[in-house]
Amino acid sequence: MEVFKRVSEVAQFSAEKMKKNGVFETERLFCDVYCFEAGQAQSVHTHDGSDKVYFVLEGRGLFRIGAEQRELGKDEVALAPSGEPHGVENPGPGPLKLLVVMAPPPGH
């Protein structure tokens, strides 16, 4: 298993929809880089039994967690606790890149 990676080599964008790029995955957690072009979104959804952390690497995003909605930028972080509805959108104009960690991974 690789234990060191460079985010810039993992992160890829897609013109069709936001792209999830795997960085690490174990039985106990996963770590991805989510890449959003302007106007792309991750629909609001929930995970029972798993907590998710979003860390903004680049750009600005609109985050919804439960009843709260907030715009976050570089070096800001958000927590979506288990069972809370959450989602992200990139209002633009530039790209949005997030480091996302979830534990435990859904289905484990």
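A salt bridge here is a side-chain nitrogen of Lys or Arg within 4 Å of a carboxyl oxygen of Asp or Glu. The model is predicted. By this rule, the count comes to three salt bridges.

## Salt bridges

Side chains of opposite charge can pair when their charged atoms come close. The pairs are set out below.

| Pair | Closest N to O distance |
|---|---|
| R6 and E9 | 3.8 Å |
| K97 and E58 | 3.5 Å |
| E71 and R60 | 2.6 Å |

R6 pairs with E9, and their closest N and O atoms lie 3.8 Å apart. That distance counts because the cut-off is 4 Å. R6 is exposed, at 55% relative accessibility. E9 is exposed too, with a relative accessible area of 62%.

The second bridge joins K97 to E58, with 3.5 Å between the closest N and O atoms. This pair links distant parts of the chain, 39 residues apart. K97 sits in strand 9 (residues 96-103), and E58 sits in strand 4 (residues 51-58). Is K97 buried or exposed? K97 is buried, with a relative accessible area of 14%. The label follows because buried means under 20% relative accessible area. E58 is partly exposed, at 31% relative accessibility.

In the third bridge the side chains of E71 and R60 meet at 2.6 Å, N to O. This pair also links distant parts of the chain, 11 residues apart. E71 belongs to strand 6 (residues 68-72). R60 lies in the loop between strand 4 and strand 5 (61-65). E71 is partly exposed, at 40% relative accessibility. R60 is partly exposed as well, at 41%.

## Cysteines

How many disulfides does the structure hold? The structure holds zero disulfides. C31 is in no disulfide, and the nearest cysteine sulfur, that of C35, is 12 Å away. A disulfide needs the two cysteine sulfur atoms within 2.5 Å, so a pair at 12 Å does not qualify. C31 is buried, with a relative accessible area of 9%. C35 is likewise in no disulfide, its nearest cysteine sulfur being that of C31. C35 is buried, at 0% relative accessibility.

## Largest pocket and nonpolar patch

Rolling a probe the size of a water molecule over the atoms shows where empty space is left. The largest pocket holds about 170 Å³ of space. Which residues line the largest pocket? The lining is made of F63, I65, E68, Q69, R70, L72, A78 and L79. Strand 5, strand 6 and strand 7 each supply at least two residues of this lining. Strand 6 gives the most, with four residues.

L79 has a place in the pocket lining and also in a nonpolar surface patch. The patch covers about 360 Å² and is made by L29, V53, V77, L79 and V101. One of these residues, V77, lies in strand 7 (residues 77-80).

## Backbone geometry

Most residues other than glycine have a negative phi, and most peptide bonds are trans. Some residues in this model depart from that pattern.

D75 has a positive phi, near 70 degrees, in a residue other than glycine. D75 lies in the loop between strand 6 and strand 7. At 54% relative accessibility, D75 is exposed. That label applies because exposed means over 50% relative accessible area.

The peptide bond from G92 to P93 is cis, with omega near 10 degrees. P93 is in the loop between strand 8 (86-89) and strand 9. The peptide bond from A103 to P104 is cis as well, with omega near -20 degrees. P104 falls in the segment after strand 9.

## Segment before helix 1

Where is F4? F4 is in the segment before helix 1 (7-10). F4 is exposed, at 73% relative accessibility. The C-alpha atoms of F4 and A41 are separated by 29 Å. Along the chain, F4 and A41 are 37 residues apart.

Key: Residues are numbered from 1 along each chain as its sequence is written. This is a predicted model: local features need pLDDT of at least 70, side-chain atom pairs count only at pLDDT 80 or more; totals for chains, interfaces and linings use all residues. Side-chain values use heavy atoms; hydrogens and water are left out. Patches are made of residues with over 30% relative accessible area and no salt bridge: like charges are joined within 9 Å, nonpolar side chains (Val, Leu, Ile, Met, Phe, Trp, Tyr) within 5 Å. Accessible areas come from the Shrake-Rupley method with a 1.4 Å probe; for residues, only the protein chains shown count as cover. Buried means under 20% relative accessible area, exposed over 50%, partly exposed in between (1.4 Å probe, protein chains only). On a 1 Å grid over the protein atoms alone, a cavity is a set of points where a 1.4 Å probe fits but cannot get out, and a pocket is an open set with protein on both sides within 12 Å along at least five of seven lines; lining residues have an atom within 4 Å of a point. Grid points are joined across faces, edges and corners, and a volume is the space filled by probe spheres set on the points.
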